[in-house]
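Q: Please take a close look at one helix in this model and describe how its residues are placed. A connected account is preferred to a list.

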Amino acid sequence: MANVSIRDVRKSFGTVSIIKGVDIDIQDGEFVILVGPSGCGKSTLLRMIAGLEDITDGEIRIGPRVVNDVPPKDRDIAMVFQSYALYPHMTVAENMAFSLRLKGLPKAEQAKRVQDAAASLGLTPLLDRYPRQLSGGQRQRVAMGRAIVRDPQVFLFDEPLSNLDAKLRVAMRAEIKELHQRLKTTTVYVTHDQIEAMTMADKIVVMHDGVVEQVGAPLELYDRPANLFVAGFIGSPAMNFIDGRLDASGLVLSSGAVLPLDRTPPVAAGSKLTYGIRPEHLQIAPAGTLGAIPATVAVVEPTGSDTTLIVKAEGGNLTVLLRERCDLRPGEAVALKPVSHQAHLFDEAGRRVATI
């Protein structure tokens with residue numbers, strides 16, 4: 001196991017800058033997830049850690065060693081890809097042992113490592129099968145087993161669950177997290193799915209347009225997003241945003257309605273602000289309730305355990321997440337009352353300036 005240190009790393013393809021000066025510290029044994037929308041640079045950064053992409057500028061260390069110019073095979077890392085990348089003409093056991101055979105390990109040592117990894121992943125009954133005889137989840141476990149047998153300093157996962165159906169993704173999330181808790185190997189995992197990031201990571205790195213927007217524990221990012229991008233990206237359903245202007249009475253919306261604030265934020269009166277509130281922090285109140293946002297129910301989405309409402313309010317649609325069942329119908333007038341101390345204010349540059 002080893003620390004991974006990324007210092008002012010940059011990547012350009014010609015005149016196009018993809019990674020724009022990234023700094024990340026990954027501690028020994030930590031499970032870190034790089035998350036962000038497609039094109040944000042997270043997979044490119046992972047490939048630079050692996051040595052599959054050259055670094056334009058900056059420095060990457062694995063343990064005490066700078067690996068900028070070290071070939072991938074000498075970095076002591078193991079990578080699990082989205083596409084599994086299994087050899088179709090080899091059995092499960094042969095696929096898992098392939099890298100060990102290339103290293104020249106004795107056959108007895110190869111067999112022991114394969115058996116141990118197979119037992120930990122529930123693959124022992126499948127060792128004599130070929131990839132075509134396996135389900136998607138089984139193939140992904142084989143790809144993970146091939147990485148485990150190498151006993152690397154660092155595991156790298158590049159969107160490994162993207163090809164699986166929704167139910168299997170949930171099961172594999174739990175398997176990967178349990179595996180990390182058992183092996184305690186430093187892990188860097190890339191995904192665009194913020195639910196994967198929230199449920200699996202010790203630490204999340206949110207990326208956008210080649211830069212790091214925020215680094216922190218999952219609930220830290222959820223409860224204290226640094227800016228509008230993180231606030232809107234982390235959380236499902238996404239945070240609601242309402243624009244207004246600050247005055248002595250609270251946040252004045254364009255319609256003239258006022259959202260009262262529990263305390264005055266540290267910005268000048270008259271400032272343009274964006275009010276952010278998560279769907280579960282909006283309560284349904286009778287129409288006309290003082291200090292509430294007037295709205296009309298547009299869509300009701302019952303899921304059994306909770307109910308999601310899409311309502312039309314000033315500035316567009318808002319989402320409300322109710323933990324209980326409700327009998328509201330489309331077209332009904334309601335009021336939305338924010339839960340105290342659960343809203344965020346963002347300035348014109350998108351920075352969070354207060355949680356109120």
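A: What follows is a description of helix α3, with brief notes on a hairpin and on two cysteines. The model is a predicted one.

Helix α3 covers residues 107-121. Its length can be checked against its residue count: at 1.5 Å a residue, 15 residues should span 21 Å, and the end C-alpha atoms of α3 are 21 Å apart, so the two values agree. The buried residues of this helix are Q110, V114, A117, A118 and L121. Viewed down the axis of α3, these buried residues fall within an arc of 100°, and therefore they line one face of the helix. Their packing partners are α2 (92-103), α4 (136-148) and α5 (166-183). On the other side of α3, A108 and A119 are exposed. After the helix comes G122, which has a positive phi, near 70°.

A glycine with positive phi also appears in the hairpin formed by β1 and β2: G14, in the turn, has a phi of about 65°. The turn leaves 2 residues between the strands. Strand β1 (residues 4-13) and strand β2 (residues 16-26) run antiparallel and are joined by 8 bridges. Within this pairing, V4 stands opposite I26 of β2.

As for the cysteines, the structure holds 0 disulfides. C40 has a relative accessible area of 1%, so C40 is buried. C326, at 27% relative accessibility, counts as partly exposed.

Definitions and conventions. Residues are numbered from 1 along each chain as its sequence is written. This is a predicted model: local features need pLDDT of at least 70, side-chain atom pairs count only at pLDDT 80 or more; totals for chains, interfaces and linings use all residues. Side-chain values use heavy atoms; hydrogens and water are left out. Two strands pair if DSSP finds at least two bridges between them. Helices (H or I, at least four residues) and strands (E, at least two) are DSSP runs, numbered from the N terminus. The expected span of a helix is 1.5 Å times one less than its number of residues. Buried means under 20% relative accessible area, exposed over 50%, partly exposed in between (1.4 Å probe, protein chains only). The arc is that of the directions from the helix axis to the C-beta atoms. Contact means heavy atoms within 4.5 Å. A disulfide is a pair of cysteine sulfur atoms within 2.5 Å.
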